[in-house]
Amino acid sequence: MIVSENLEKVRLKIDQACRRANRRPEEIRVIAVTKYVSDERALAVLEAGIHDLGENRDDGFLNKWEKIGERATWHFIGTLQSRKVKKVIDKVDYIHSLDRLSLAKEIDKRAEHPVKCFVQVNVSGEETKHGLRAGDVVSFIEQLEAYKNIIVVGLMTMAPYTDDTEWIRDIFKRVRALQQTVKEKKFLHAPCTELSMGMSNDFEIAIEEGATFIRLGTALVGKEF
Ligand SMILES: *Cc1c(COP(=O)(O)O)cnc(C)c1O
């Protein structure tokens with residue numbers, strides 16, 4: 001119940017943001033972030049019609065995967081330690097947190113087929129956040145060509161947690177500009193057509209600024225623990 005009610009509200013906001021930005025709601029893929037909720041709540045997400053689920057830790061991801069498995073498309077959205085890659089790689093569909101060559105190397109080695117990855121970018125310069133600095137993104141992606149099992153589908157970012165919406169908007173604009181730069185290079189291993197940005201408190205701004213994947217936890221599934 002709670003999920004379908006929340007989804008109705010979220011859909012309305014997505015529609016309104018799309019209208020403001022002259023976009024179509026079908027361009028926006030909603031990932032339900034289930035890290036703070038039970039398996040039951042995650043299953044309710046599927047029943048409500050959302051099939052993309054996101055988890056940010058390997059143990060939480062594996063627990064949910066045991067219960068839900070291939071009924072969902074799985075997004076790994078958190079920091080991934082290289083030594084955990086082996087445990088999750090054949091179960092994830094997208095990795096949103098590629099931020100270093102050592103991780104790319106491990107993914108490349110352990111994966112049995114190419115894996116769709118987002119390169120995580122940190123343009124705000126917040127020390128606490130992972131991700132590459134803007135100036136390092138293009139050369140990093142160039143180097144990924146060496147890893148046959150990595151496909152760079154897009155860029156991902158997390159905006160600072162702040163009420164300063166213009167700051168958030170500026171960050172999203174900068175990441176979108178970077179994504180366009182990479183896309184225009186037409187790298188075979190890095191089509192970079194997607195933008196994973198926007199969470200519960202800033203997804204409308206992210207949509208206005210070009211997000212194609214939004215990652216919603218509290219606004220969509222609530223918080224049980
Ligand atoms: C937890 C998390 C989210 C969802 O957060 P909410 O604010 O609850 O929507 C999105 N992206 C990442 C990387 C997260 O860790």
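**Reading the ligand site and the pockets**

Tutor: The ligand sits in the largest pocket. Keep in mind that this is a predicted model.

Student: How is empty space found in general?

Tutor: Rolling a probe the size of a water molecule over the atoms reveals where space is left empty.

Student: What volume does the largest pocket have here?

Tutor: About 640 Å³. The largest pocket is lined by 26 residues, and Lys35, Tyr36, Met158, Met199 and Arg215 are the closest to its centre.

Student: How does that lining split by class?

Tutor: The lining of the largest pocket has ten nonpolar, eleven polar and five charged residues.

Student: Now the ligand. Which residues surround it?

Tutor: Val33, Lys35, Asn56, Ile77, Met156, Met158, Met199, Ser200, Arg215, Leu216, Gly217 and Thr218. By class, this shell holds six nonpolar, four polar and two charged residues.

Student: Which polar side-chain atoms should I look at around the ligand's oxygen atoms?

Tutor: Take two side chains. A polar side-chain atom of Lys35 lies 2.7 Å from a ligand oxygen. For Thr218, a polar side-chain atom is 2.8 Å from an oxygen atom of the ligand.

Student: What does the backbone of Gly217 add?

Tutor: A backbone N or O atom of Gly217 lies 2.8 Å from an oxygen atom of the ligand.

Student: How much of the ligand's accessible area does the protein cover?

Tutor: On its own, the ligand has 390 Å² of accessible area, and the protein covers 89% of that.

Student: What about the second largest pocket: what are its volume and its lining?

Tutor: Its volume is about 160 Å³. The second largest pocket has 15 lining residues, with Asp90, Lys91, Val92, Asp93 and His113 nearest its centre. By class, that lining has eight nonpolar, two polar and five charged residues.

Note on methods: Residues are numbered from 1 along each chain as its sequence is written. This is a predicted model: local features need pLDDT of at least 70, side-chain atom pairs count only at pLDDT 80 or more; totals for chains, interfaces and linings use all residues. Side-chain values use heavy atoms; hydrogens and water are left out. A residue is near a molecule or strand if one of its heavy atoms lies within 4 Å of it. A polar contact is a pair of N or O atoms within 3.5 Å; within protein, one must be able to donate a hydrogen and the other to accept it, and residues adjacent in sequence count only if both atoms are side-chain atoms. Accessible areas come from the Shrake-Rupley method with a 1.4 Å probe; for residues, only the protein chains shown count as cover. On a 1 Å grid over the protein atoms alone, a cavity is a set of points where a 1.4 Å probe fits but cannot get out, and a pocket is an open set with protein on both sides within 12 Å along at least five of seven lines; lining residues have an atom within 4 Å of a point. A molecule sits in a cavity or pocket if more than half of its atoms lie within 2 Å of its grid points. Ala, Val, Leu, Ile, Met, Phe, Trp, Tyr, Cys and Pro count as nonpolar, Asp, Glu, Lys and Arg as charged, and the others, Gly among them, as polar. Grid points are joined across faces, edges and corners, and a volume is the space filled by probe spheres set on the points.
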